[in-house]
Structures are given as C-alpha cells and as structure tokens.
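Reader: I am new to this structure and would like to see how each label is earned. Please set the values against the definitions as we go.

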Amino acid sequence: MTSHLLEARGIHTYYGASHILHGVDFSVRPGETVGLMGRNGMGKTTLLRSLLGLTRPRHGEVRIAGADMTQAAPYAIARRGVAYVPEGRGIFPNLSVRENLVMAARAGSGGRRDWTFERVMQTFPRLAQRLRHGGAQLSGGEQQMLTIGRALMTNPDLLILDEATEGLAPKISREIWGIINQIKQAGIAAVIVDKNFAAVSAVADRIVILVKGATVYEGASAELRAQPELHVKYLGV
Amino acid sequence: MDTNTFLIQVLNGIQYGLLLFLVASGLTLILGIMGIINLAHGSFYMVGAYLAFSLAQHFGSLWLAMAGGVVIAVAIGLLLEWLLISKLYHRDHLYQVLLTYGLILIFEELRSVVFGDDVHGVAIPEMLRASIPLTETLSYPVYRLWMSAVCIVLAIGMYLLIQKTRLGMTIRAGAANREMVQSLGININLLYRLVFALGVALAAFAGMIAAPVASVFPGMGNQVLIVCFVVVVIGGIGSVKGAMLAAILIGLVDTFGKVLTLQIGGVQLLPELSGMMIYVLMAAVLLARPQGLFGKGG
Ligand SMILES: Nc1ncnc2c1ncn2[C@@H]1O[C@H](COP(=O)(O)OP(=O)(O)OP(=O)(O)O)[C@@H](O)[C@H]1O
Ligand SMILES: [Mg+2]
C-alpha cells in the first residue's frame, strides 16, 4: 500500500520513433499540489498524456489510487478521479456553456458530490452570465474557466492543468490562479504545468522539472525558490 | 395539375421525404459523429423491409413484426459495430468504403439465399387500410398518413434526444472532441456503439414501414442509399436538422419531378430528367453552400 494518489514509474513514451520520455518517475499524494515545469518541448504535455492513457507509454507503470491503470482506457482512468484541463482548453464549441458543464457531471470517488452545478456557478460568476452562449463565443479566459469548471463537475481527487494561463491577460491570469488556490483549499490534488515560476511556486507544494524527457529536479517549492541558478539552468528565467 | 392532385403530390413528397429522413439521419450521425462512411446503411433499410415481410408472415401481424424487427435491427447494429465498425475508427475512409461495400454484398447474398430474388408484397394492417376521400375520384390512403405521423414522432424524439438529454450532449461533444469526452470519464466506444445501433434501427424501421407501400425487392437498399447520401450532403454532414430539411426537399423535388416531366405536351419529354432533378438540386446547393445547408463551415 502506498499513500500515493497517482504513481508513475519508469515511464518511456515515444511518438513513432522519437523517444520523448526517458524513464520518468512521477507521483502525487492526496491533496498535494505539484508544479510540473520545463522549457518548451521538454515533455510536460507528453508526461500528462501518458498518465491519462491518451498516449501510451511503451514501458513503465501508472497506478492511480492503488490500481494499475497502465493499460486502462482514458475514460476508466478519469473515472478513478482524475480530471484533465488540456493545453488549448478543449471546450466543446458546439455545446452551450451550460451543456459543457452538465454533460460532465458525475459523482466522484465514494459517491462524493461536492461540486454541483451551483457551486461551479458560484466559483465562476463570469460563466453564470453566459450559460446560453455557445462554447466558441467565450473569450479565452472564459473558455479556460469553463474547462476548469467542467473538470470540477466530475468531482475529481486530482486535477491536471496544462498551461491554464497561457495567452491570457494578466488580470484574467490572476483570476485563474485565485481559482487554482480555491481548488487547493478544497483539498483536491493538482498537477499544474505552467511557465510562470512565481505563480507555480506560490501554490505548489512540490516542483518537478523536466529536461528532454527526464526529471532533473524534484523538491519543495520553497527550496527551489532559494536556488535561482537552477531557474536559469532549467527554466531559462 | 388541379389543386387536389397538387395536394396529393405534396403529401406524397413529404411522406417520401420523411421516410428518407429516417434513413439519412442515421447515415449523417454515423458519418458526422463517428467519422464512418457507411455504404451498408441502405442494406439496413432492405433488412428492415425483409424482416417486416418474413416476420409479418410468421406472426400474422405487421405490428408484431415491427416490434420484433426493431429488436433484431438493434442487435444487428450492436454486433456489427462491435465486430467490424469499431475497427475502422482510426482507419482511412478507403478501408471504410471497402468494408461497408463488402457488407452490402454479404447482405444481398444472404437475402438472395434466404428469400430468393422475387419481389414480395406486405399487406397494410387492417386498421389502416382505409382511404380518405378528397373528391369523387381522388382519395388518400390512411396508411401513408400514418407513416408520415410516425416519422414526425420519431424525428421529434430524435431532436429531443440529441438536443435535450445528457446522452445527446455527449454525442455532440464526441463529434467535436473525441479525446476530451473520454477524459471526462465517458466510454465513447459504448456511446458510438449506441449511435450506430440507433442508426441501424432507424433505417431498418424505415424499411419496415415502407414495405407495404413500396414492396420488398432485391437492391432496394442501394437505391435508398444513394438518395440518402444526397440528403446528407445537402443537409450538411452530421446535421440532423439539415437532414430533415434536405430530406423533405428531396422528397418534394423527386415527387414533382416525376409528375411534371410527364406533363410537358402530353409527351414524356426527357424522362431521365426526373431522376436527375435531385442531383441538380444537390449541385445548386453545393455551389451556394459547399458545406451543405447546416454543415459546419471550412
Ligand atoms: N504528436 C506528436 N508527434 C511527434 N512529436 C511530438 C508530438 N507531440 C509532441 N512531440 C514532441 O515531443 C516533445 C515533447 O513535447 P511536449 O508537448 O510534451 O512538450 P511540452 O513540455 O509540453 O512543451 P510546451 O511547453 O511547448 O507545451 C517535443 O519535442 C515535441 O516536438
Ligand atoms: Mg505542453
């Protein structure tokens, strides 16, 4: 028995012949917020997709809530309490805002229904005013909120956010970080991929850095904040 | 053409259009949502007609035949999706065309072995055998009105299913982003299996209710398939609403095309013209809207 919510070991993932992930270990404890960082093209998205069953690792093992999910279908992985907010958002443009949310509604592990439609509305008042709009009519920030709200409707134990603030105005970005904080306070574990070190390290308990598909750093946020030379070396900031 | 004949032709055109809609709506869903070009869809229409024919003989009632036929059609749909169609999602359209064309040949051969190559008739159920007199010489059969009514009820049911239920939202979402739907914990393979079975059941049901008026004959599926592809293209791929509008249009154009060419000078001038009318309509629509009436742009 491990106390890990998600535990991946020795992940090797390929796109065709190109070897992207070189034996990555990655784990998340219940309620823990993990920042996953690295420059462009280092394999962050690929790692998330490998965990979610969307891109199959060629070697390695993925366990979620104790069960081996390495070969499981993406929907089965999601049903173990993992919700995904992909890079580029992934809203359904042909559905209304309300439909985007309602279609995802589901009880979480142990039948938990903490996140109801009403609670999501309270968390995202901007969406409440746009329920009848089509998903494609929203601004970038609103679309991002919709994807996060939709993920919450599945009552996840673990929320995976890939570049949730990418391309957003600073004000909207701050709003999203505020929401991420609320989600953390609600006790939901999270994996956050983002290029903004200050913001990630402020909310994350632990930070993992990937360089060319391998983990080069893993440690508490505060620890990494105290080592600016590593920021330059691995993150280019 | 006097008013009564005109009215009768309008009713016939709409009734034919509604019937086409039942077949075409499944075709457009399977193509638009699952991305599968299903040439065998017309075969399901034929299967429905032959099921109505044989089960009606067996049960002595077309109603029981329809009930049993729909159950069998759903089973055929689930089985085919599971065994064959599910292997095609990640394949090129060419594979889909080859496999589903193969299915046409198999269904035709099975039909030939089991039922022979004769044309068969199916009796209209007793309670719908009457006609409504319009004038002293003209009347309209109640069965055709019943057919239209049933098609309208099914169309409304489909509209509600797709627009108002969570299942419908999920189906539409799957058309936009298959991967995301799965990441929300929804088994999209199961969803597709249901959509496919629904499409098969609708096409087969269309064949069943058409059997008493159109009779049951070899190759009947292919005729319907081609017209239904025209409906799908005009309506816009994946759009059930578009399929409805296009089906009624095609129904009317086809019906009036046949009547009007007969009329010119009492001589049958260019009889081929009537058969071409729907393609002319398709070309005209595509010139103005390449994506079809309700298709997504781009
Ligand atoms: N579908 C694909 N096919 C082939 N190569 C890919 C594919 N997706 C990503 N790659 C390659 O895999 C490597 C890792 O990509 P990945 O998207 O995981 O990086 P990332 O860390 O998420 O980058 P970014 O910060 O730009 O999002 C890159 O070199 C990229 O070019
Ligand atoms: Mg990425």
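Reader: How many of the residues in chain B are buried, and what makes a residue count as buried?

Author: In this predicted model, buried residues make up 49% of the 298 residues in chain B. The label applies because a buried residue has under 20% relative accessible area.

Reader: Why is A:Arg89 called buried?

Author: The relative accessible area of A:Arg89 is 16%. The cut-off is under 20%, so A:Arg89 is buried. A:Arg89 sits in the loop between β6 (82-85) and α3 (97-102) of chain A. Its phi is near 80°, which is a positive value in a residue other than glycine.

Reader: What is B:Ser215 called, given its relative accessible area of 23%?

Author: B:Ser215 is partly exposed. Buried means under 20% and exposed means over 50%, so a value of 23% falls in between. B:Ser215 is found in the loop between α8 and α9 (220-235) of chain B. Phi of B:Ser215 is near 60°, again a positive value in a residue other than glycine.

Reader: How do you know whether chain B is as compact as a globular protein of its length?

Author: Start with the elements: chain B has eleven helices and two strands, in the order α-α-α-α-β-β-α-α-α-α-α-α-α from the N terminus. The radius of gyration of chain B is 20 Å, and the globule rule gives 19 Å for 298 residues. The two values are close, so chain B is as compact as a globular protein of that length. Along the principal axes, the C-alpha atoms of chain B fill a box of roughly 65 × 50 × 35 Å.

Reader: What makes a set of residues a nonpolar core, and which members of the largest one touch the most others?

Author: The members are buried residues of the nonpolar kinds, such as Ile and Met, joined through side-chain atoms within 4.5 Å. The largest nonpolar core has 141 residues, and A:Met103, A:Ile148, B:Met34, B:Ile209 and B:Ile250 touch the most other members. Helix α8 (residues 188-214) of chain B gives the most to this core, with 15 residues.

Reader: Which residues does A:Ile148 touch?

Author: Leaving out residues up to four places away in sequence, A:Ile148 touches A:Val85, A:Phe124, A:Leu161, A:Ile176, A:Ile179 and A:Ile183. Another core, of 30 residues, lies apart from the largest one and includes A:Ile11, A:Leu48, A:Ile64 and A:Ile77.

Note on methods: Residues are numbered from 1 along each chain as its sequence is written. Chains are lettered from A and ligands numbered from 1 in the order in which they are written. This is a predicted model: local features need pLDDT of at least 70, side-chain atom pairs count only at pLDDT 80 or more; totals for chains, interfaces and linings use all residues. Side-chain values use heavy atoms; hydrogens and water are left out. Helices (H or I, at least four residues) and strands (E, at least two) are DSSP runs, numbered from the N terminus. The radius of gyration is taken over C-alpha atoms; the globule rule is 2.2 Å times the number of residues to the power 0.38. Buried means under 20% relative accessible area, exposed over 50%, partly exposed in between (1.4 Å probe, protein chains only). Contact means heavy atoms within 4.5 Å.
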